[in-house]
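This report deals with charged pairs and a nonpolar surface patch in one protein chain. Please keep the sequence and the model at hand while reading.

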Amino acid sequence: MADISDNLAEELWLTAHALADAARGAILPHFRATGLDAENKEAGGFDPVTVADHAAETAMREVLAQRRPQDGILGEEQGIVEGTSGLTWVLDPIDGTQNFVHSLPISCVSIGLAVGGIPVLGVIYHPGMDELFLGLTAAAASPPLASDAHGSYLNGTRLRTDQKASTCVDMEL
């Protein structure tokens, strides 16, 4: 399993942001575009893929080729590229393509990172709202990251639970 130093964790964090930015640039021109067609990937059902899916995954792969060429990639649309670093990026360029095709703003870009097969970073990015949720786990890394290097974030602001709330009703959701 690859070691993740605090410096590497920061580099991976920045790479995840760059991946989301690249996907956003590829996706938004197609959202609610006239004539957006979807092909079906599933013979026994409906699993749509659009030009936006392909463009976003291509854009993310280009970012990884520049920033992290030694890492593996598992992409929903373009398959697997083996890496040598022990790190593998998992890319779903448009999670919720059916919603996207129907012009519903209920889709996102999903990005994951596994170290030696263990998930250590996850990103959910909503291009239309420009919201990026990122979670980084220190415990799964080898050696473990410093305790302040992990957590959940929204657009760079750390998310925290309300320590006073004991039920969902108390949280005033």
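The sections below cover the salt bridges and then the patch.

## Basis and count

The structure is a predicted model. Side chains of opposite charge can pair when their charged atoms come close. Here the count comes to four salt bridges, by a rule that puts a side-chain nitrogen of Lys or Arg within 4 Å of a carboxyl oxygen of Asp or Glu.

## Arg 68 and Glu 11

Arg 68 and Glu 11 form a salt bridge, and their closest N and O atoms are 2.7 Å apart. This pair links distant parts of the chain, with the two positions 57 residues apart in numbering. Glu 11 belongs to helix H1 (residues 6-27), while Arg 68 sits in the loop between helix H2 (51-67) and strand S3 (72-75).

The two partners fall into separate accessibility classes. Arg 68 counts as buried because its relative accessibility is 6%, under the 20% cut-off. Glu 11 counts as partly exposed because its value is 30%.

## Arg 24 and Asp 130

A salt bridge also joins Arg 24 to Asp 130, where the closest N and O atoms are 3.9 Å apart. Again the pair links distant parts of the chain: Arg 24 is in helix H1, and Asp 130 is in the loop between strand S7 (118-126) and strand S8 (131-136). The two residues are 106 residues apart.

Arg 24 has a relative accessibility of 32% and therefore counts as partly exposed. Asp 130 is partly exposed too, with a relative accessible area of 40%.

## Glu 57 and Arg 61, and a network

Within helix H2, Glu 57 and Arg 61 lie four residues apart, which is about one turn of the helix. They form a salt bridge whose closest N and O atoms are 2.9 Å apart. Both Glu 57 and Arg 61 are buried.

Elsewhere, Glu 11, Arg 68 and Asp 71 are joined into one network by salt bridges that share partners.

## Nonpolar surface patch

Which residues form a nonpolar patch on the surface? They are Leu 74, Ile 80 and Val 90, and together they have about 250 Å² of accessible area.

Val 90 is part of strand S5 (residues 87-95). Its relative accessibility is 36%, so Val 90 counts as partly exposed. That value fits the patch rule, because patch residues need over 30% relative accessible area.

Definitions and conventions: Residues are numbered from 1 along each chain as its sequence is written. This is a predicted model: local features need pLDDT of at least 70, side-chain atom pairs count only at pLDDT 80 or more; totals for chains, interfaces and linings use all residues. Side-chain values use heavy atoms; hydrogens and water are left out. Patches are made of residues with over 30% relative accessible area and no salt bridge: like charges are joined within 9 Å, nonpolar side chains (Val, Leu, Ile, Met, Phe, Trp, Tyr) within 5 Å. Accessible areas come from the Shrake-Rupley method with a 1.4 Å probe; for residues, only the protein chains shown count as cover. Buried means under 20% relative accessible area, exposed over 50%, partly exposed in between (1.4 Å probe, protein chains only).
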